[in-house]
Amino acid sequence: MSVPVLLDVDTGIDDSLALLYAVASPEIDLLGASCVAGNVPLDAVVSNTAAVLDLAGRCDVETAPGCDRPMARPLKTTPETHGPTGTGHAMPAASPDRSSERSGIDLVIDTARSRPGEVTLVALGPLTNVAVALDREPRLLTLLDRLVIMGGCFGVAGNTAPRTEWNTHVDPEAARAVFAAAGRGACNLPLVMPLDVTEQARLLPHHVARMAEIGGESMEFLDPLLAGPEAGRLMSFITDALRFYMEFHQRYDGFYGAFVHDPFAVAAAVDPSLVTTVETTVDVETAGELTTGETVADFRDSWGRPPNAAVAVAARADVFLERLVVRLGGLLRSRP
Ligand code: BDR
Ligand code: CA
């Protein structure tokens, strides 16, 4: 039986891979994508999300615009990580505007209400949409089967500021509100996929080569002179987007490859055996001089507050990477 999944995205290169992973996974029934400003401004998120779904042959998946800025701060974007448009060197053909009439917030609330206890919501960007949806529908976390959050860092350095991960950095107030709600409600504890585990999954050129081979494609990806935009081709999208992302990681993280945070969160959302979790209380710093956006986990129960999160502390990254390669390769074979 497949798991009904909604993705909340700020697409973004690894969000693109997460969308493709969801489409390529037989155990996932992808119900829709709500969009939130983060890696790029909201209009780019919506058009990237629609373009990726179109390339994957899923123009039927509702793509709904949500919040265009964080709850209490100006929007920050990250063109150095994802490129000026959010898809690196890839220029996906603009799909006809098929942005949904309903907002991403309504998509989340309506879907959760219509299938109480069934839907998994995987949040892959700043938590603005989720926090605003919770404000409008305080039962949201109990209406969902589960919320899965890609965000935060606990025992490893941040990727945006010394103690801060990007998604939490962009909208700390939203993240704080979501964790506070999870501490109040009789809901399944949200699964948190922090950098501690997502940075264990490094996609390397040899993975992409095997993906291409499975997909019956040639692998010219390492040579930018040979690569280049071939509009409408999924392989060209994946390689051109990843080439940018790998160049970024080479500059900032010292390896030619890419952390694939968002697809890992999707994979763990539907296969809990990929991670080991600890139930704890998480809160978010919103007023630190040096640490705003830091996720703080009370692993030793100093606060005496009820747990509000199941934080992934260990992961089977190799199993996930193999699955990502095989599934995206299979998708390439069906969508050359
Ligand atoms: C997160 O930040 C974004 O840039 C990625 O898409 C991912 O969701 C990792 O910190
Ligand atoms: Ca993201």
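Let's begin with a term: a residue is called buried when its relative accessible area is under 20%, exposed when over 50%, and partly exposed in between, using a 1.4 Å probe and counting protein chains only. By that yardstick D262 is buried, at 2% relative accessible area.

This is a predicted model, so local features need pLDDT of at least 70 and side-chain atom pairs count only at pLDDT 80 or more, while totals for chains, interfaces and linings use all residues. Residues are numbered from 1 along each chain as its sequence is written, chains are lettered from A and ligands numbered from 1 in the order in which they are written, and side-chain values use heavy atoms, with hydrogens and water left out.

**The calcium site**

D262 is one of the residues that hold the calcium ion (ligand 2). The ion is coordinated by D10 (OD), D15 (OD), D15 (OD), L124 (O) and D262 (OD), at 2.3 to 2.7 Å. A donor here is an N, O or S atom within 2.8 Å of the metal (3.2 Å for Na, K and Ca), and since water is not among the atoms, sites may look incomplete. Along the sequence, the donor residues follow the spacing D-x4-D-x108-L-x137-D. D10 sits in the loop between β1 (3-9) and α1 (13-24) and D262 in helix α12 (residues 261-270), so this pair ties together parts that are 252 residues apart in sequence. Helices (H or I, at least four residues) and strands (E, at least two) are DSSP runs, numbered from the N terminus. D10 is buried too, with a relative accessible area of 0%.

The loop between β1 and α1 also contains G12. The peptide bond leading from T11 to G12 is cis, with omega near -10°. As a rule, most peptide bonds are trans.

**Ligand 1**

D262 turns up again beside ligand 1. Thirteen is the count here: 13 residues surround ligand 1, and the closest are D14, N39, N159, E165 and D262. To be counted as near, a residue needs a heavy atom within 4 Å of the molecule. Some side chains make polar contacts with ligand 1, meaning a pair of N or O atoms within 3.5 Å; within protein, one atom must be able to donate a hydrogen and the other to accept it, and residues adjacent in sequence count only if both atoms are side-chain atoms. Three such contacts look like this:

| Side chain | Partner | Distance |
|---|---|---|
| D14 | oxygen atom of ligand 1 | 2.5 Å |
| N39 | oxygen atom of ligand 1 | 2.7 Å |
| H82 | oxygen atom of ligand 1 | 2.9 Å |

How much of the accessible area of ligand 1 does the protein cover? It covers 97% of the 280 Å² that ligand 1 has on its own. Areas like this come from the Shrake-Rupley method with a 1.4 Å probe; for residues, only the protein chains shown count as cover.

**Salt bridges**

A search of the whole structure finds 17 salt bridges, each being a side-chain nitrogen of Lys or Arg within 4 Å of a carboxyl oxygen of Asp or Glu. In helix α11 (residues 234-253), R243 and D240 are 3 residues apart, which means about one helical turn separates them. Their closest N and O atoms are 3.3 Å apart, and both residues are buried. A241, also in helix α11, is buried at 4% relative accessibility. Its C-alpha lies 9.6 Å from that of L17, although A241 and L17 are 224 residues apart in sequence.

R58 and D60 meet in a salt bridge at 2.9 Å, N to O. Here R58 is partly exposed at 22% relative accessibility, whereas D60 is exposed at 56%. D68 and R69 pair up as well, at 3.0 Å, N to O, with D68 partly exposed at 38%. E62, R102 and D110 are linked in a network of salt bridges.

**The β11–β12 loop and the end of α13**

F299 lies in the loop between β11 (295-297) and β12 (309-315) and is partly exposed at 44% relative accessibility. Together with V278 and V313, F299 makes a nonpolar surface patch of about 230 Å². Patches take residues with over 30% relative accessible area and no salt bridge, joining like charges within 9 Å and nonpolar side chains (Val, Leu, Ile, Met, Phe, Trp, Tyr) within 5 Å.

D301 belongs to that loop between β11 and β12. Its phi is positive, about 55°, although D301 is not a glycine. D301 is partly exposed, at 47% relative accessibility.

Lastly, S334 is found in helix α13 (residues 317-334). A polar atom of the S334 side chain lies 2.9 Å from the backbone oxygen of L331. S334 and A24 are 310 residues apart in sequence, yet 9.9 Å apart in space, C-alpha to C-alpha.
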